[in-house]
Amino acid sequence: MPDGVVESRRRIEGVQQVLNQDWPLTRGDGTKHAEGIPDQPPRPVRARVVFEHDGEEWLQGRAQRWTRTHVFVAIMDARLQIGAVWLRVEDVRRPEEPPPETPR
């Protein structure tokens, strides 16, 4: 397993809510969306995903769309309802970048 990638500590089977999911755009009525953000050539990344039951994990994925503040990451994990999630750029790293230190 590469440094900084946590092997799954899955405790609960099935789909879990991603607590740090964050859509990049907001309509006037307050609904979040990502319409109009074009697909990009996929790039390998590590993503910090906080699952509702299993907690924080750094998982391997592929960035497929991004803005200055957000990244759409495809991740092969049964806990994700659609196999991808929008995250803030702070939660995504290129493979050569170490994840941030965890406060003790």
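This is a short tour of a predicted model, moving from the whole chain to its sheet and then to a few side chains.

**The whole chain**

Start with everything shown as a cartoon. The protein chain has 0 helices and 7 strands, and from the N terminus its elements run β-β-β-β-β-β-β. Switch to a surface view: the chain exposes about 6800 Å², and carbon and sulfur atoms supply 50% of that area. Of the 104 residues in the chain, 35% are buried. Among contacts between residues at least 6 apart in sequence, 54% join residues at least 24 apart.

**The sheet**

Return to the cartoon and colour the strands separately. An open sheet is formed by 5 strands, in the order β6-β5-β4-β3-β7, with antiparallel pairing. Look at the two edges, where β6 (84-88) and β7 (92-93) each have a single partner strand, so one side of each is left without a neighbour in the sheet.

**From β3 to β4**

Select residues 43-51, which are strand β3, together with residues 55-66, which are strand β4. The two run antiparallel and are joined by 9 bridges. They form a hairpin, with 3 residues between the strands. Two positions show how the strands line up. R46 has Q60 in β4 as its bridge partner, and V49 stands opposite E57, also in β4.

**From β4 to β5**

Keep β4 and add residues 70-74, strand β5. Strands β4 and β5 pair in the antiparallel sense over 4 bridges. Here too there is a hairpin with 3 residues between the strands. To see one facing position, select W66 and V71: W66 stands opposite V71 in β5.

**An aromatic pair**

Now show the side chains of F72 and W86. The count of aromatic pairs in the model comes to 1. F72 and W86 form this pair, which is tilted, with 5.2 Å from centre to centre and 45° between the planes. F72 lies in strand β5 and W86 in strand β6, so the pair ties together parts that are 14 residues apart in sequence. Are these two residues buried or exposed? Both F72 and W86 are buried. Add R65 to the view: its charged end sits over the ring of F72, 5.9 Å from the ring centre.

**The loop between β5 and β6**

Next select D77, in the loop between β5 and β6. D77 has a relative accessible area of 12%, and it counts as buried because that value is under the 20% cut-off. Which residue does the side chain of D77 meet in a polar contact? The partner is R79, with 2.7 Å between the two side chains. Follow R79 to its charged end, which sits over the ring of F51, 3.9 Å from the ring centre. R79 therefore takes part in two of the features on this tour, the contact with D77 and the placement over F51.

**H33 in β2**

Finish with H33, found in strand β2 (residues 32-33). H33 is buried, at a relative accessible area of 14%. Show its side chain with E35: the H33 side chain reaches the backbone nitrogen of E35 at 3.1 Å. Then select W23, P24, L25, T26 and R27, which H33 touches when residues up to four places away in sequence are not counted.

Terms used. Residues numbered from 1 in each chain as written. Predicted model: local features only at pLDDT ≥ 70, side-chain atom pairs only at ≥ 80, totals over all residues. Heavy atoms only, no water. Buried < 20%, exposed > 50% of the residue type's maximum accessible area, 1.4 Å probe, protein only. Polar contact = N/O pair within 3.5 Å; in protein donor to acceptor, adjacent residues only side chain to side chain. Contact = heavy atoms within 4.5 Å. Pairing = 2+ DSSP bridges. Areas by Shrake-Rupley, 256 points an atom, 1.4 Å probe, with all protein chains shown as cover. Phe/Tyr/Trp six-rings, centres within 6.5 Å; stacked < 30°, edge-to-face > 60°. Lys NZ or Arg CZ within 6 Å of the ring centre and 35° of its normal.
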